[in-house]
Amino acid sequence: MKVVLFVLMAIIAVSFAATNFVDHRSGHIVIKPTESQNSKLFLKGSAFDKVSLKNINDVQVSNIITHVMGLLPLNNEEVSGLPAASIFNKPKLNLFFSVESVSSDDLVNSKIFNSESMISIEKTFTPQDLISELTTIVTGVTPNVHGIVSSNWINPTTGHKVHAYEKSTQSSAANIAYLANASFNGKSMIISSSADKKSASATGIHTGVSSLYKDADIYTYSVRPSGSVLPIFGSNGNDKLSLTNNQVETIIYSKEFQQFILPAGWKATFSRGIFTIVDEKGNVNKIDFDQHETGSFLTELVSVFNIVKTIKTNEHFKALAADSIPDFISFDFASISRVRESQGANSDAFKFALALVEQTIQSTITQLSGVYGDRVACEIVALAPKHAFTEEQIEKLESIVGEHTHDITETLPHIYVLPESSEKVDDICQQIQSSIPSELSAQCFIHTLPVSFLQDASGSAPAPTQTPVPSDSDSSASGENPIIATQNTNRIAAFQIFLFFPIVFALFIGGGILYIMKISFTAQSDTLLYRSSQRQY
Ligand SMILES: *[C@@H]1O[C@H](CO)[C@@H](O)[C@H](O)[C@H]1NC(C)=O
């Protein structure tokens, strides 16, 4: 009986692996709009001169970046149409931007997001969630591999809500920042910043082991509710780019910051916490620094400005930029999505905010290109707004699921059936599938039982001791009881990061000596091997 059960579960697990279902994380039911917008990709810098892509899959975006940086790819989804990476002129900086919640309609008048160079990012998975999609873009794998099914989720067996990118809910797959760190022996400068902790974690390095940061130049920052800009994991080594609330305000007053974020012909003044902007036609918009939503929008821009300025002027950072080891910097603009959600895409507030973000991106590219002698490859991802369910759709779904689920307005597109109604999952799902509005579709999933439950039921030996996951003080409100599945995925992560790369390198060196010799002969100085052996020239 036990064996049959296990075989059955293995089959279930394998068949679901092909979808984007993540056991113990995804909803029992996932609602999918039949039509949804694609995110857009824009490539800047001479490394991309000859690229004329129109479409790319979400899992392929990372391959463009690894290709120009001369890194091994994170998956084997080859992208056709990429020019041979120039050995002599490899970028020394990869600059990655993501802007959350902008649709292509929002970008019609844009200079930097111009439609000729717009590449559509085709989704290879559902459901849609910005953190989940961003993670897919920077890891090159779908949620069933990286495990970030959403910005937060409910553990279907315990009923507890958890947030992505806490200690026990990290991505199980390495992203480009980890790859750059591993490939360049930890000598790269790696910076990531966002108003949103999850977005900064998704694109940067987010491990909780602070000793790894001690001597490394790894900086991952987010904006705190207090208004300050602080490292995501506190450690002595990586607070060089921190800003207190007062420092943020001082920067907002400065002409230099205002020039950095304002398009040509615009003016601004800052007084009593109100940042007043006048565009070139005389239209006025006010941003309240003391209100959390708009304040964090301004602070996010301040953080970008401060990082760029520090790289230009601080001796330590100047030296890092000048050395031969490529760097990876990512800026995510998260708070603009809250402006769009609360004020609407047609509001002045959103239009002004988008213009400021664009100018900030433009200034960052220009100034860092100066620092890096134009050897900058830059990718900008405009993440499409998440599907907004209408009140009608929500009411319809609520009338079907009744009292058996967690509040679906909090969890859509996932629907989690309460543990006490778990035997009704099938019924509820069938009802949804048969009466769902035609513009939506529903997928149903069965979660496996936790291993401990199986062992208790069968009376066998207790589960092997699990190392308890220390609770993150930052995440106490959202702490998940560490469950076995999560720990398994953490082990997969450790494998990918600490074992996967050495193995690939061994294969690369053992199997490809000829290939390496060829590179060394043609390139003499500027190859991955030279650079990762710390040679300075
Ligand atoms: C970065 O790379 C170095 C050298 O490979 C390694 O020791 C360190 O653990 C890495 N850091 C992270 C956060 O992965």
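Start by selecting helix α7. In this predicted model, the buried residues of α7 pack against five elements: β10 (229-231), α8 (255-261), β11 (267-271), β12 (274-278) and α9 (292-313). Color each of them, then come back to the helix.

**Stop 1: the two faces of α7**

Show the side chains of residues 245-253, the span of α7. Which residues of α7 are buried? They are Val 248, Ile 251 and Ile 252. Why do they sit on the same side of α7? Their directions cover an arc of only 100° around the axis, so they share one side of the helix. The general rule helps here: an α-helix has 3.6 residues a turn, so residues three or four places apart point the same way.

Now rotate to the face turned away from the buried side. Select Asn 246 and Thr 250: both are exposed, and that face carries them.

**Stop 2: the sheet**

Next, select β11, β12 and β13. These three strands form an open sheet, in the order β11-β12-β13, with antiparallel pairing. Look at the edges: β11 and β13 (284-288) each pair on one side only. Neighbouring strands are turned by 20° against each other on average, direction ignored. In general, strands of a sheet pair through backbone hydrogen bonds, either parallel or antiparallel.

Zoom in on β12 and β13. How many bridges join them? Five do, and the two strands run antiparallel. Find Thr 276, then look across: Lys 286 in β13 stands opposite.

Add helix α12 (residues 348-371) to the view. α12 packs on the sheet and touches β12 and β13. Its direction makes about 85° with that of β13.

**Stop 3: aromatic rings**

Show Phe, Tyr and Trp side chains. The structure holds 11 aromatic pairs. One of them is Phe 257 with Phe 305, an edge-to-face pair. Their centres are 5.5 Å apart, with 80° between the planes. Phe 257 belongs to helix α8 and Phe 305 to helix α9, so this pair ties together parts that are 48 residues apart in sequence. Are these two rings' residues buried or exposed? Phe 257 is buried, and Phe 305 is too.

Then select Tyr 253, Phe 270, Phe 275 and Phe 289. Together they form one aromatic cluster.

**Last stop: a charge over a ring**

Finish with Arg 340 and Phe 350. Arg 340 lies over the face of Phe 350, at 5.6 Å from the ring centre.

Methods
Residues numbered from 1 in each chain as written. Predicted model: local features only at pLDDT ≥ 70, side-chain atom pairs only at ≥ 80, totals over all residues. Heavy atoms only, no water. Buried < 20%, exposed > 50% of the residue type's maximum accessible area, 1.4 Å probe, protein only. Helix = DSSP H or I, 4+ residues; strand = E, 2+ residues; numbered from the N terminus. Arc of directions from axis to C-beta. Contact = heavy atoms within 4.5 Å. Pairing = 2+ DSSP bridges. Axes fitted to C-alpha atoms, helices over the stretch in contact; angles between N-to-C directions. Phe/Tyr/Trp six-rings, centres within 6.5 Å; stacked < 30°, edge-to-face > 60°. Lys NZ or Arg CZ within 6 Å of the ring centre and 35° of its normal.
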